Amino acid sequence: MQNYYISFGQSHAHATPQGTCDKDTLYRIEANNHSEAHDKAFELFDKKWASVYTEADLPRAIEHFPKGVIN
């Protein structure tokens, strides 16, 4: 399993047990590959999310999400 990070659009906000996911956060998903992470994002958030980032993308991407990662 690898970590993938889901971002959200300007009008996308979701209450989760771990906190609110919105345009200022990334949500961590464990998956075997990018395709599975994409599928899990649809399961969790329907069409109300924006992008999937890999662990390698995180150092560059995190600067755009001031509230950080929600696990």
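Where does Asp22 lie? Asp22 sits in the loop between strand 3 and strand 4, with strands and helices taken as DSSP runs numbered from the N terminus (helices are H or I and at least four residues, strands are E and at least two). Before going further, some ground rules: this is a predicted model, in which local features need pLDDT of at least 70 and side-chain atom pairs count only at pLDDT 80 or more, while totals for chains, interfaces and linings use all residues. Residues are numbered from 1 along each chain as its sequence is written, and side-chain values use heavy atoms, with hydrogens and water left out.

On to the overall picture. The protein has 2 helices and 6 strands, and from the N terminus on the elements run β-β-β-β-α-β-α-β. The radius of gyration is 11 Å, close to the 11 Å that the globule rule gives for 71 residues, so the protein is as compact as a globular protein of that length; here the radius is taken over C-alpha atoms, and the rule is 2.2 Å times the number of residues to the power 0.38. Along the principal axes, the C-alpha atoms fill a box of roughly 25 × 25 × 20 Å. Of the 71 residues, 38% count as buried, where buried means under 20% relative accessible area, exposed means over 50%, and partly exposed is in between (1.4 Å probe, protein chains only). The exposed surface comes to about 4,300 Å², and carbon and sulfur atoms supply 48% of it; these areas come from the Shrake-Rupley method with a 1.4 Å probe, and for residues only the protein chains shown count as cover. Among contacts between residues at least 6 apart in sequence, 62% join residues at least 24 apart, a contact being heavy atoms within 4.5 Å.

Next comes the sheet. It is an open one, built from 4 strands in the order 5-1-4-6 with mixed pairing, where two strands pair if DSSP finds at least two bridges between them. Strand 5 (52-54) and strand 6 (68-70) are the edge strands, each pairing on one side only. Neighbouring strands are turned by 40° against each other on average, direction ignored; axes are lines fitted to C-alpha atoms, for helices over the stretch in contact, and angles run from 0 to 180 degrees between N-to-C directions. Helix 1 (residues 34-45) packs on this sheet, where it touches strand 1 (2-6), strand 4 and strand 5, and its direction makes about 120° with that of strand 4.

Now the individual pairings. Strand 1 pairs with strand 4 in the antiparallel sense over 5 bridges, and Asn3 stands opposite Glu30 in strand 4. Strand 1 also pairs with strand 5, again antiparallel, over 3 bridges, with Tyr5 opposite Tyr53 in strand 5. Strand 4 (residues 25-31) and strand 6 pair in the parallel sense over 3 bridges; there, Thr25 has Gly68 of strand 6 as its bridge partner.

Back to the loop between strand 3 and strand 4. Asp22 counts as buried because its relative accessibility is 14%. Its side chain is joined to that of Lys67 by a polar contact of 3.1 Å (a pair of N or O atoms within 3.5 Å; within protein, one must be able to donate a hydrogen and the other to accept it, and residues adjacent in sequence count only if both atoms are side-chain atoms). Leaving aside neighbours within four places in sequence, Asp22 is in contact with Phe8, His12, Ala13 and Lys67. Asp24 is found in that loop, between strand 3 (19-21) and strand 4, and counts as buried because its relative accessibility is 18%. The side chain of Asp24 makes a polar contact of 3.2 Å with the side chain of Lys23. With neighbours within four places in sequence left aside, Asp24 is in contact with Phe65, Pro66, Lys67 and Gly68.

Gln2, in strand 1, is partly exposed, with a relative accessible area of 44%. The side chains of Gln2 and Tyr4 are joined by a polar contact of 2.9 Å. Not counting residues up to four places away in sequence, Gln2 touches Ile29, Glu30, Ala31 and Asn32. Gln2 and Pro66 are 64 residues apart in sequence and 23 Å apart in space, C-alpha to C-alpha.

One backbone detail rounds things off. Asp46, in the loop between helix 1 and strand 5, has a phi near 55°, a positive value in a residue other than glycine. Most residues other than glycine have a negative phi.
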